[in-house]
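Here is a friendly set of exercises to work through with the model open beside you. Try each task before reading the solution below it.

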Amino acid sequence: MLMVALLLRKRLNVVRRRALSGPALALLMAWGIPSPALSGDAENPAPAAVGPFELSSADGNSKIRFQFAGQFRITCASRDQGADRDRTESNTMEARRIRLTLSGTIVRPALAYRLHLSAAPGSLELMDFYFDYRLADGVQLRYGQYKVPFTRYRIQSFQRLTFADWSIVTRYFGAERQMGFAVHNGYEKPAAFSYVAGLFSGVNARAAHAIGLPELYGAAITNPSDLAHPGAKSEIHPEVFVHLAHHAKGMDITSESDEERGGLRSSIGLSAAWDLDPAAEQDFTGRLAPELLIKYQGFSAGIIGYAGFSEVDSPTETKLTMLGGLLQGAYRLHRTSEVAVRYAAFDIRDCLIEDVRRRNPLLLSGPAYVKHEFTAGFTIYIVEHAVKWQHDAAWLKRTVAGETRDDFSVRSQFQLAF
């Protein structure tokens, strides 16, 4: 194997500017060796994306864009089963995500649409389906099902994460998709001073994020977006969202990574949500999340704080029931590689734990939840976020019945997106 690798490297020096064959490219990707044909050089810069692929009407006003995103993941995990019990080891291979998207414009460029589906094994779901109309400069209207505007971190696409997946904070605070109406000036790609204000159904459209609270109570969790088994329809209870932010000139907020390696840039924002009639054991009454993202010369650092408020003693009294935080940093060692670290933590207040015990007497020693997350990652960018190979290792500290347990996992994930 070593001799083959050395011979292949020698061959690459000879044909540095020639495209590689399929088998050779596969070997390079498997060994983590950036391909000259993909990585590029000063004379032949690497492509930043694959595609886009679209069809357009004769006048160019109506378009259909076809997009795909797939992730293949290998996970090795060790789970702590508690005192005097053996740890559980598991090694899995899975198609973590398979996403298909149709988007474009209808009749006029100002009227856009997006249909986003999940087709991964065990996950046939409607992700997004909405229409977006540009009413005037700086004013757009969006209606349908999509991510609620709670933090820039969640508004960004999973395709552009610096780790193999989201942090544990999204399990408790979200944001997840809901059906609703919003006024904004860019949403995923906002202006320097950005805003989103919306009125949503209050019903979590997917059983993936913002499900930590009902898990604490041991409550049933439905998945209305499941196209095969959506479950019973939930009554709406309006929830108001506001997201405000300022982004410095040249600041790309679609990813934490600083692929541009430019000067000092920053983004600061605040997200707030208020549920007018929260469902018991399912929803926070209110949520707040200030956040900051800084980039400089390949370095990036982000911090987000979370606060959740619930009606735990009576419907007329709202208390602070949960705090959370996310801190992560990354550095582009090279245009094609990056290292990153992340820490997340929760503090579930005593008033919430007492309310859980009161509503569910079976949880006599308190609920089970993840309390701390430590993660380190390394990413190889073959075609930026379109084709990349991510690796990370995580240490999770859980609390189960008042007992602290330590879980460990290592993930390797390959992504193709266009």
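**Exercise 1. An arginine and its surroundings**

Decide whether Arg 265 is buried, partly exposed or exposed, and describe what surrounds this residue.

Solution.
- Step 1: Arg 265 has a relative accessibility of 7%, and the cut-off for buried is under 20%, so this residue counts as buried. Keep in mind that the model is a predicted one.
- Step 2: Place the residue in its element: Arg 265 belongs to strand β10.
- Step 3: Follow the side chain, which comes to 2.6 Å from the backbone oxygen of Gly 263.
- Step 4: List the contacts, leaving out residues up to four places away in sequence. Arg 265 touches, among others, Ala 248, Lys 249, Gly 250 and Met 251. Asp 258 and Glu 260 are also among its contacts, and so are Leu 293, Ile 294, Lys 295, Tyr 296 and Gln 297.

**Exercise 2. The strands around β9**

Find out which strands pair with β9, in which sense, and over how many bridges.

Solution.
- Step 1: Begin with β8, residues 193-200, which pairs with β9 in the antiparallel sense over 8 bridges. To see the register, look for Leu 199, which stands opposite Val 240 in β9.
- Step 2: Turn to β10, which is antiparallel to β9 and joined to it by 9 bridges. Here His 246 faces Ile 268 in β10 as its opposite number.
- Step 3: Sort the residues of β9 by face. The covered face holds Glu 239, Phe 241, His 243, Ala 245 and His 247, while Val 240, Val 242, Leu 244 and His 246 make up the uncovered one.

**Exercise 3. From β11 to β13**

Trace the pairing from β11 through β12 to β13, and say how many residues lie between the strands in each hairpin.

Solution.
- Step 1: β11 and β12 (residues 299-314) run antiparallel, with 9 bridges between them. Gly 286 is found opposite Phe 309 in β12.
- Step 2: The hairpin of β11 and β12 has 2 residues between the strands, and in it Gln 297 takes a positive phi near 50°.
- Step 3: β12 goes on to pair with β13 (residues 317-334), again in the antiparallel sense, over 13 bridges. Ile 303 has Leu 327 in β13 as its bridge partner.
- Step 4: The hairpin that joins β12 to β13 does so through 2 residues.

**Exercise 4. Unusual backbone geometry**

Locate the cis peptide bond between Gly 174 and Ala 175, then examine the positive phi values of Arg 261 and Glu 281.

Solution.
- Step 1: Recall the background: most residues other than glycine have a negative phi, and most peptide bonds are trans.
- Step 2: The bond joining Gly 174 and Ala 175 is cis, with omega about 15°. Ala 175 sits in the loop between α5 (169-173) and β7 (177-184).
- Step 3: Arg 261 is not a glycine, yet its phi is positive, about 50°. This residue lies in the loop between β9 and β10, and its 32% relative accessibility makes it partly exposed.
- Step 4: Glu 281, also not a glycine, has a positive phi of about 70°. Its place is the loop between β10 and β11, where Glu 281 counts as partly exposed at 25% relative accessibility.

**Exercise 5. Cores and the whole chain**

Describe the largest nonpolar core, then step back to the whole protein and ask where the prediction deserves caution.

Solution.
- Step 1: Nonpolar side chains tend to be buried together in soluble globular proteins.
- Step 2: The largest nonpolar core has 41 residues. Those with the most contacts inside it are Phe 150, Tyr 153, Phe 173, Leu 216, Tyr 306, Met 322 and Leu 352. Another core, of 6 residues, lies apart from it and includes Ile 382, Val 383, Ala 386 and Trp 389.
- Step 3: Across the protein there are 7 helices and 17 strands. Of its 418 residues, 45% are buried.
- Step 4: Check the confidence. The mean pLDDT is 88, and 88% of the residues reach 70 or more. Over residues 1-37, however, the pLDDT is below 50; this stretch has 36 contacts in the model beyond near neighbours in sequence.

Technical notes. Residues numbered from 1 in each chain as written. Predicted model: local features only at pLDDT ≥ 70, side-chain atom pairs only at ≥ 80, totals over all residues. Heavy atoms only, no water. Helix = DSSP H or I, 4+ residues; strand = E, 2+ residues; numbered from the N terminus. Buried < 20%, exposed > 50% of the residue type's maximum accessible area, 1.4 Å probe, protein only. pLDDT = per-residue confidence, 0-100. Contact = heavy atoms within 4.5 Å. Polar contact = N/O pair within 3.5 Å; in protein donor to acceptor, adjacent residues only side chain to side chain. Pairing = 2+ DSSP bridges. Core = buried A, V, L, I, M, F, W, Y, C linked by side-chain atoms within 4.5 Å.
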